[in-house]
Amino acid sequence: MLKKAALSAAIGGMAVFAIGCAITDYDGWSGHQTASEAKLWGSEVAFSGFGGDYDGTYSYTVKYAPGSPVTINSYKNPVVGSFSRDGMIDRDGDDVQGRGGFLGGKFNKWWVAVDRAPGTCEFFSNIMYDKSALGPGVASCNSASEEVDRDLELQDAFASLGDLFTQIWSGALGKNFTVQMTSVTVNGAAVPLADALTVNLRQNGVRPMSASLDLSSPGGQDLIRALLNNTPDKQPVTLGFGFSGGMAFGVPTSMTLAFNHAALRAALK
């Protein structure tokens, strides 16, 4: 059961990003300087069904040095599910913009945020570049995470994952598999979804690497309504998810979320 819950937590974290998410706040590693842009490893996500100009595949990079603000780039490829080869051949952050995914299309800058206040969640207020019509659907405030950069300094953090992904390591799961999201918990209150939302996962034998879901599906529309009806507009909330089989978890404390209601409403059919 613990193994299943741990794996579900990783899956749910990816599902959060699949609602048109920009990373707006990022602490970075103390004393570290990126060679230029460092790719946030394992964070690529794709979704369809949101509508407008949101559907596509997203990839994230950061650029910072000691004492300087952190620039966070959210790149979008308009082709849904056109990921890079993260987890197989990891792409450095400098090699994201203008490069293609394996289904075609190119990653181009969609949102750029500049985090000048470490440890403070600024959310939507520090977005300096925005190509979308309504802004990101979700703003994410993140602590430092694994980065792929040319100096390779930070990649050894992978060894600390322990037995978190034993199910994948044992070969119990195929390279592609699905889970069913049945509820969302907002600020401690569980909100059931009338229709379960199917989350499609891909894994590389070590950990889940990408997630895709259709927000135009009945479950996707239920999730959007649950967030609209149970979160304040652009204000921080705690979030959790429940899955079929009884698995449940909260989003890690290193990530704080806020939702843009205008973008969410636009996704309702």
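In which strand does Thr-198 lie? Select Thr-198 to begin the tour; the strand is β13, which covers residues 189–203. Please bear in mind throughout that the structure on display is a predicted model.

**First stop: Thr-198**

With Thr-198 selected, display its accessible surface. The residue counts as partly exposed, at 32% relative accessibility. Next, add Met-181 to the selection. Although Met-181 and Thr-198 are 17 residues apart along the chain, their C-alpha atoms are separated by 6.4 Å. Now show the surroundings of Thr-198 as sticks. Leaving aside residues up to four places away in sequence, Thr-198 touches Thr-178, Val-179 and Gln-180, together with Ser-212 and Leu-213.

**Second stop: the disulfide**

Proceed to Cys-121 and Cys-141. How many disulfides does a search of the whole structure find? The search finds one, and it is formed by Cys-121 and Cys-141, with 2.3 Å between their sulfur atoms. Orient the view along the S-S bond: the angle about this bond is -80°, and the link is left-handed. Cys-121 belongs to the loop between β8 (108–115) and β9 (127–130), while Cys-141 belongs to strand β10 (residues 138–142), so the pair ties together parts that are 20 residues apart in sequence.

Colouring by accessibility is instructive at this point. Is Cys-141 buried or exposed? Cys-141 counts as buried, with a relative accessibility of 9%. Its partner Cys-121 is partly exposed, with a relative accessible area of 29%. For a further cysteine, select Cys-21, which counts as buried at 0% relative accessibility.

**Third stop: the sheet containing β10**

From Cys-141, extend the selection to the whole of strand β10, residues 138–142. Then add β1 (21–26) and β17 (255–259), which are the edge strands of the sheet, each pairing on one side only. The three strands form an open sheet in the order β1-β10-β17, and the pairing is mixed. Viewed across the sheet, neighbouring strands are turned by 25° against each other on average, direction ignored.

Finally, examine the pairing of β10 with β17. How do these two strands run, parallel or antiparallel? They run antiparallel, and five bridges join them. To inspect one of these pairings at the level of residues, select Ala-139 and Ala-258: Ala-258, in β17, is the bridge partner of Ala-139.

How values were computed
Residues are numbered from 1 along each chain as its sequence is written. This is a predicted model: local features need pLDDT of at least 70, side-chain atom pairs count only at pLDDT 80 or more; totals for chains, interfaces and linings use all residues. Side-chain values use heavy atoms; hydrogens and water are left out. A disulfide is a pair of cysteine sulfur atoms within 2.5 Å. Helices (H or I, at least four residues) and strands (E, at least two) are DSSP runs, numbered from the N terminus. Buried means under 20% relative accessible area, exposed over 50%, partly exposed in between (1.4 Å probe, protein chains only). Contact means heavy atoms within 4.5 Å. Two strands pair if DSSP finds at least two bridges between them. Axes are lines fitted to C-alpha atoms, for helices over the stretch in contact, and angles run from 0 to 180 degrees between N-to-C directions.
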